[in-house]
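User: I should like to go through a structure with you, beginning with one of its helices. Could you take my questions as they come?

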Amino acid sequence: MATTVLPRVGGAFPDGREKLPAPERPGRGDEQPLVSTKFAPPRLNAGVIARDRLLQKLVAFGERKLLLIAARAGFGKTTLMTELRQKIMSSGDTVIWISLSAEDQNWIYSWTHFVAAFQAAGFLINDEDFSYEDRDQVRAVLLLIVEAIAEHAGDVYLFIDDFHNADSDTQGV
């Protein structure tokens, strides 16, 4: 199986390849621009200490439907997720990355980034005819995402960084 390397949206590549621009999303709810770092993990610097034992344990959970990594701030959860993402992608599988932040309390803004994360990973999700202000239409877009995943060759992993920032009252669906 060939290794699929997803381009880092908004980031630079060590081999000089051109970076992808953030998808444009005119007419989306609150008209805020997309922030490409929301659907691209941070870069690992050379000083990162490899945690091979932890990575092996996480890979062993590969058949599970949900894996939650919980620890206090500063314990390296995002770094560990980034390392795991690289390991998964090296096996040819697809990883969708979305980062939540405390500022994302507008659910339309968050949902727009969620869909853009799938689009940045190459999933063809045509949501242009949908309004994110209508929750029934948001559910319809979610079905488009599920169908795209079902049609995708290989496994698809969804990484949600800083999930504790999701607020059920403001995140919508």
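Analyst: The following exchange concerns a helix, a lysine within it and an aspartate elsewhere in the chain. This is a predicted model, in which local features need pLDDT of at least 70 and side-chain atom pairs count only at pLDDT 80 or more, while totals for chains, interfaces and linings use all residues. Residues are numbered from 1 along each chain as its sequence is written, and side-chain values use heavy atoms, with hydrogens and water left out.

User: How many residues does helix H2 have?

Analyst: Helix H2 (residues 77-90) has 14 residues; helices here are DSSP runs of H or I, at least four residues, and strands are runs of E, at least two.

User: What covers its buried residues?

Analyst: The cover includes helix H1 (52-60), strand S1 (94-99) and S2. Buried means under 20% relative accessible area, exposed over 50%, and partly exposed in between (1.4 Å probe, protein chains only).

User: Which side chain of opposite charge is nearest to Lys 77?

Analyst: That is Asp 162, 5.8 Å away; Lys 77 is buried yet has no salt bridge. A salt bridge requires a side-chain nitrogen of Lys or Arg within 4 Å of a carboxyl oxygen of Asp or Glu.

User: Which residues does Lys 77 touch, then?

Analyst: Not counting residues up to four places away in sequence, Lys 77 touches Ile 69, Ala 70, Ala 71 and Arg 72, contact being heavy atoms within 4.5 Å. A polar atom of the Lys 77 side chain lies 3.0 Å from the backbone oxygen of Ala 71.

User: Where is Asp 162 found?

Analyst: Asp 162 is in the segment after strand S2 (156-161). Asp 162 is partly exposed, with a relative accessible area of 29%, and its phi is positive, near 60°.

Conventions:
The expected span of a helix is 1.5 Å times one less than its number of residues. Lys and Arg count as positive and Asp and Glu as negative; His and the chain ends are not counted. A polar contact is a pair of N or O atoms within 3.5 Å; within protein, one must be able to donate a hydrogen and the other to accept it, and residues adjacent in sequence count only if both atoms are side-chain atoms.
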